Amino acid sequence: MHKVKNKDIFKASWTYDKAPESTDHIQIKKQYDLFIDGKFTKPISAKYFDTINPSDNKKIAGVAEASDKDVDKAVSAARKAFKGWSTLTGKERGKYIFRIARLIQERAREFAVIESLDGGKPIRESRDIDIPLAANHFFYYAGWADKLTYAFPNRNAKPLGVVGQIIPWNFPLLMAAWKIAPALATGNTIVLKPAETTPLTALKLAEIIQESGIPKGVVNIITGAGETGAAIVNHPDIDKIAFTGSTGVGKYILKVTAGTHKKLTLELGGKGANIIFDDAAIDQAVEGIVNAIFFNQGHVCCAGSRLFVQESVADLVIRKLKDRMETLIVGEPLDKNTDIGAINSKKQLQTIDNYIKIGLNEGGEIYQPKCKLPKQGNWCAPTLFLNVSQSHRIVQEEIFGPVLTVQTFRTIEEVIEKANNTPYGLSAGVWTEKGSKIFHLTQKLNAGVIWANTFNKFDPTSPFGGYKESGFGREGGLHGLKPYVKFE
Ligand code: NDP
């Protein structure tokens, strides 16, 4: 802290000392191979790509690029393992899944640091949210493994077979957990591909899976870019695709799997409405707005990226929001004081910058706090756009960055219409002290998840998923088991 004289106490500028998380305890290999049939295997093409730290754009490690032939090897290994795994008792399957959960907990600190290094998110978030939630997902579904007859009474639920799972870069370990845990609990075998820019925690998870002693071939983790994902999607011996990513790629997967035997779940983009009524607890709502859009740099499919404030409190909310934004710390992801870390990749930064230009060209009024951005790496200041309307592109399209559009409304009917006026339907938030208003809105809003007086709260017991162009199928909770079983 700066030293201040007593008389200056209210004028003082408060800053925090650096509080970096140590990297001494983590182990990262120089080069990672593909995890196929229980062992790390060199890619047939012998090609590797770099995974980059987005806070300084320096290489962290080389990662194998899986070709069609590697995908084929992984699918064959998963097929071979299916018979044994699917006929193991649920209790035995559960033991392995519990073991994976405990191993993640034991190495939680290492996972958190690697997640922040590879993806740019603040260590506070990877340490307190991503990694504990990933472990909780495994714990939760481990509990279901021997209770499927209770989950689906009198329906004789059977696993589907080999499932292909493709995940994005915004919650790398958590998305892997969302996909792998229910698939294992229901007796399926897996080929999973993490995103090209954030493969490291999935590969660490592969090490844990190997250590857990789970039969070889049950989980295969292969790395590569979009072509590797497409090779998984198009492989004829895959029974189900579970995809989380952009709506564009989701549409492609929907097309190429149509007419095949493959089952499909899609978790796609969003443009969530966050609605503040005049009877809301305003200070809490302002915290909620910040959490809804600036959590994980706004790289959140269910982010509250469209703010709707009731006109009578709009000036107050916007003033308080601007004041709060002045205090946000943008910078080094490994610093425990950081609120907003690095943008995940140069490409994503360009996308966000481009949307900011579009917003300005369309006449939006921009507000960014006076924060100092580091010189190297990919950074974006938290951004508000005022004076925008439903027809603005930045209101309609998913930006996937720390950019919030602000609109006002007068009546409930008006805000419902505005909130639903989007091709997406993933999330929404409602802030009011009236329970009846909350229930009224939750009936009328077309969104898979609606939070009341909070935002971005996740729990393994609670289903998550979208409507419209946000996809279909649910992950989490009892609902999350269903996409991995068939009934005989
Ligand atoms: P992409 O759709 O580009 O990528 C998602 C995954 O699919 C990555 O592993 C990617 O590989 C892979 N992929 C890319 N092209 C293909 C293809 N033709 N066939 C099969 N797989 C492919 O999205 P982003 O990674 O850019 O993620 C951001 C988007 O994801 C946002 O729109 C966001 O809303 C959405 N998202 C949705 C979530 C949800 O739960 N609904 C959660 C998180 C994100 P690679 O990265 O290596 O190119």
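In this predicted model, a backbone N or O atom of G224 comes to 3.2 Å from an oxygen atom of the ligand. A similar kind of contact is found at E196, where a backbone N or O atom lies 2.8 Å from an oxygen atom of the ligand. At A230 the ligand takes part through a nitrogen atom, which is 3.4 Å from a polar backbone atom of that residue. The protein covers 87% of the 890 Å² of accessible area that the ligand has on its own.

The view can now be widened to the whole shell around the ligand. It is made up of 29 residues, and the closest of these are I167, E196, S246, L268 and E398. E196 is thus met again here, among the closest residues, after its backbone contact with a ligand oxygen atom. By class, the shell holds 17 nonpolar, 8 polar and 4 charged residues.

Where does the ligand sit? The space it takes is the largest pocket. Three elements each give two or more residues to the shell around the ligand: the helix α8 (226-234), the strand β10 (240-244) and the helix α9 (247-257). Of the elements, α8 provides the largest share of this shell, with 4 residues.

The largest pocket itself can be described in the same way. About 1200 Å³ of space lies within it, and its lining counts 44 residues. Nearest the centre of this pocket are P168, W169, S246, K347 and Q348. S246 is worth finding in the structure, as it appears both in this list and among the residues closest to the ligand. Two or more lining residues come from each of β4 (48-53), α8, β10, α9 and α12 (346-361). Which element gives the largest share of the lining of the largest pocket? That element is α12, with 5 residues. In the shell around the ligand, by contrast, the largest share belongs to α8. Sorted by class, the lining of the largest pocket has 21 nonpolar, 15 polar and 8 charged residues.

A further pocket completes the picture. The second largest pocket has a volume of about 710 Å³. It is lined by 24 residues, and those closest to its centre are Y16, K18, I329, V330 and K372. How many residues of each class, nonpolar, polar and charged, are in the lining of the second largest pocket? There are 9 nonpolar, 7 polar and 8 charged residues.

Definitions and conventions:
Residues are numbered from 1 along each chain as its sequence is written. This is a predicted model: local features need pLDDT of at least 70, side-chain atom pairs count only at pLDDT 80 or more; totals for chains, interfaces and linings use all residues. Side-chain values use heavy atoms; hydrogens and water are left out. A residue is near a molecule or strand if one of its heavy atoms lies within 4 Å of it. A polar contact is a pair of N or O atoms within 3.5 Å; within protein, one must be able to donate a hydrogen and the other to accept it, and residues adjacent in sequence count only if both atoms are side-chain atoms. Accessible areas come from the Shrake-Rupley method with a 1.4 Å probe; for residues, only the protein chains shown count as cover. On a 1 Å grid over the protein atoms alone, a cavity is a set of points where a 1.4 Å probe fits but cannot get out, and a pocket is an open set with protein on both sides within 12 Å along at least five of seven lines; lining residues have an atom within 4 Å of a point. A molecule sits in a cavity or pocket if more than half of its atoms lie within 2 Å of its grid points. Ala, Val, Leu, Ile, Met, Phe, Trp, Tyr, Cys and Pro count as nonpolar, Asp, Glu, Lys and Arg as charged, and the others, Gly among them, as polar. Grid points are joined across faces, edges and corners, and a volume is the space filled by probe spheres set on the points.
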